[in-house]
Amino acid sequence: MDIPSGLINSAWLWLSWIVYTLTVSYALYTAPWARMRERDSTNIYFGTIVVLLLFWNLKAGILPGQTFHFLGATMMTLMFGWSFAVLAMGVLVLISTFSGNGGWDTYALNAFLLGAIPITFTWLLLRVSQSRLPHNFFIYIFLNAFFAAVLGTILMGSASYGVLWVSEAYTSAELSGGFLPLVIMLAFPEGTLNGIAITIMVVYKPEWVATFYDKLYLYENKNK
């Protein structure tokens, strides 16, 4: 969802810039930069951003501010961790805004909604599942990849609904009639694509997925 200029009042825009600036600052501070010096890490990181950018150009929508596309936020989180995922989604929103999707005044709001919200949800769900649930390959795929993407998309859509409604960009009837059903319809394809992508990578290129540990999810279970 890319919110264009003119829909959101200035108070929400200022708040979004403050919150997003703090989020990016924390991501820059906590990012494990040493990982980028590992072999091919930088190429994989920016290559993934380019691939997602291609998917972002495939859009579906009905009205300004109610346009949706594949996010890939969960995949980025599982591949690179919270900090690098937040930075990557910020780059994607920056390129998308430069291309005319969304407005510069709404950049922080779009980056927070499309990136920080689903990324943080995915990261928290991953931490909870790692600490409370069995270390199982299928739990990782279905819960942390598929359902995290589905629920993260719904959470992002709900937050966007709230912003558009509170800002009086659209009425609750307009949002409930077209916006929410579209969010729910696109949440499951989002989960499916994220789940498929992560499954392929952990099978063939597990070193690309920073949050997947062979010894934890595979070998530990074989030895039980």
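1. Let's start inside. The largest cavity has a lining made up of L71, A73, T74, P118, A148, A149, G152, T153 and E190. Its volume comes to about 40 Å³. Keep in mind that we're looking at a predicted model here. As for how many cavities reach 30 Å³ or more, the count is one.

2. Which helix gives the most to that lining? It's α5, with four residues. Two helices, α3 (73–98) and α5 (137–166), each put at least two residues into the wall of the largest cavity.

3. Next, Q130, which sits in helix α4 (residues 107–132). Is Q130 buried or exposed? Its relative accessible area is 17%, and the cut-off for buried is under 20%, so Q130 counts as buried. Setting aside neighbours within four places in sequence, Q130 has contacts with H135, T211, Y213 and Y217.

4. L175 is worth a glance too. You'll find L175 in helix α6 (residues 172–204), and this leucine is buried, with a relative accessible area of 0%. If you want a distance to check on screen, take L175 and I95: they are 80 residues apart along the chain, and their C-alpha atoms are separated by 27 Å.

5. On to charges. How many salt bridges does the structure hold? Just one, and the partners are E207 and K205. Their closest N and O atoms are 3.9 Å apart, and the cut-off is within 4 Å, so the pair makes the list. The two ends can be told apart by accessibility: E207 is exposed, at 56% relative accessible area, whereas K205, at 37%, counts as partly exposed. The line for exposed is drawn at over 50%, which is why K205 gets the "partly" label.

6. Last, the outside. L15, I18, V19 and L22 make a nonpolar surface patch of about 360 Å². L22, one of the four, lies in helix α1 (residues 10–30). How accessible is L22, and which class does that put it in? Its relative accessible area is 59%, and exposed means over 50%, so L22 is an exposed leucine. Set that beside L175, the buried leucine at 0%.

7. If you only have a minute with the model, I'd pick three spots to look at: the cavity lining with its four residues from α5, the salt bridge between E207 and K205, and the nonpolar patch that includes L22.

Methods. Residues numbered from 1 in each chain as written. Predicted model: local features only at pLDDT ≥ 70, side-chain atom pairs only at ≥ 80, totals over all residues. Heavy atoms only, no water. Patch = residues over 30% accessible without salt bridge, like charges linked within 9 Å, V, L, I, M, F, W, Y side chains within 5 Å. Areas by Shrake-Rupley, 256 points an atom, 1.4 Å probe, with all protein chains shown as cover. Salt bridge = Lys/Arg side-chain N within 4 Å of Asp/Glu carboxyl O. Buried < 20%, exposed > 50% of the residue type's maximum accessible area, 1.4 Å probe, protein only. Contact = heavy atoms within 4.5 Å. 1 Å grid on protein atoms, 1.4 Å probe; cavity = no way out; pocket = protein on both sides within 12 Å on 5 of 7 lines; lining within 4 Å. Points joined across faces, edges and corners; volume = space filled by probe spheres on them.
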